[in-house]
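Me: I am new to this structure and should be grateful for a close look at a single part of it. Please choose one helix and describe its surroundings in a connected account.

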Amino acid sequence: MSDTYCDQLEQDTWFLKNDYRLSAQLVEKLVLQLNRIHPNVLSDKEAQKFRDVKVPTKTRLADLLSTLKEKGEEACHEFYRALHIHAEQLYISLPSRKRQRDATEPNGTNIHPDPRERFVLNERGPMFFIICFSVVAGLALYYYSNEEDKAIGDAKKILGFTAIGLSRRAKAMLISYAEDQSKNQ
């Protein structure tokens, strides 16, 4: 790790200014951490300046980052520590952290994937899942409605009981379907 914290902050500044996760509340927490826990990093007067809600968050953040770079290595280090404490996911996704992880991995293998990638099933989103599930459920209902088997007839009656936790329209549809099937038998 030959980069100093000030160099890393210089590399991460653009990312931090443009990341949506760095909200006004998070900037507030970082300023309070740097002022109260480490008063040598930010004085009370500087903290008040960076906590002024009349100034846009991006402007306050840009001023905070430039002030920390001017104050030196210890201030930059404490900023990274505060960011790690209050926004670990943001801290992990910083370009300097990703570069350090990539540099330490053998043969370019990614042994620590981005945590957000673990939970992504596909890029299509939840509506795609709901549509696919609806199509499969519809096909299953169609298949079962064409069968005249006794066991499947019992399964149709159970559909009336599954409507308990569903919305009003779904309840009405499933109950009427179960009633129609019991009349046909």
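Reply: The account below begins with the chain as a whole and then turns to helix α4 and its surroundings.

The model is a predicted one. Its chain contains 11 helices and zero strands, so that from the N terminus on the elements read α-α-α-α-α-α-α-α-α-α-α. Of the 185 residues in the chain, 30% are buried. The accessible surface of the chain amounts to about 12,700 Å², and carbon and sulfur atoms account for 58% of this area. Where contacts in the chain join residues at least 6 apart in sequence, 56% of them link residues at least 24 apart.

Helix α4 covers residues 57-71. One of its residues, Leu 61, offers a convenient point of entry. Leu 61 counts as buried because its relative accessibility is 2%, and buried means under 20%. Once neighbours within four places in sequence are set aside, the residues in contact with Leu 61 are Leu 16, Lys 17, Leu 22 and Val 27.

Two of these partners, Leu 16 and Lys 17, also take part in the contact that helix α1 makes with α4. Helix α1 comprises residues 5-18, and its axis comes within 10 Å of the axis of α4. The two axes cross at roughly 180 degrees; α1 and α4 are therefore roughly antiparallel to each other. On the side of α1, the contact is formed by Cys 6, Leu 9, Glu 10, Thr 13, Leu 16, Lys 17 and Asn 18. On the side of α4, Lys 58, Leu 61, Ala 62, Leu 65, Leu 68 and Lys 69 contribute. Sorted by class, this contact has seven nonpolar, two polar and four charged residues.

Another partner of Leu 61, Val 27, belongs to helix α2, where Val 27 is buried. Helix α2 consists of 14 residues, 24-37. At 1.5 Å a residue, α2 should span 20 Å, and the distance of 20 Å between its end C-alpha atoms agrees with this. Besides Val 27, the buried residues of α2 are Leu 26, Glu 28, Leu 30, Val 31, Gln 33, Leu 34 and Asn 35. Their cover includes α4 itself, together with α3 (44-50), α5 (73-86) and α6 (88-92). Val 31 of α2 can also be placed relative to Leu 61: the two residues are 30 apart in sequence, and their C-alpha atoms are 9.6 Å apart in space.

In summary, α4 is in contact with α1 and is among the elements that cover the buried residues of α2.

Key:
Residues numbered from 1 in each chain as written. Predicted model: local features only at pLDDT ≥ 70, side-chain atom pairs only at ≥ 80, totals over all residues. Heavy atoms only, no water. Helix = DSSP H or I, 4+ residues; strand = E, 2+ residues; numbered from the N terminus. Expected span 1.5 Å × (residues − 1). Buried < 20%, exposed > 50% of the residue type's maximum accessible area, 1.4 Å probe, protein only. Contact = heavy atoms within 4.5 Å. Axes fitted to C-alpha atoms, helices over the stretch in contact; angles between N-to-C directions. Parallel < 35°, antiparallel > 145°, perpendicular 65-115°, else oblique. Nonpolar A, V, L, I, M, F, W, Y, C, P; charged D, E, K, R; others polar. Areas by Shrake-Rupley, 256 points an atom, 1.4 Å probe, with all protein chains shown as cover.
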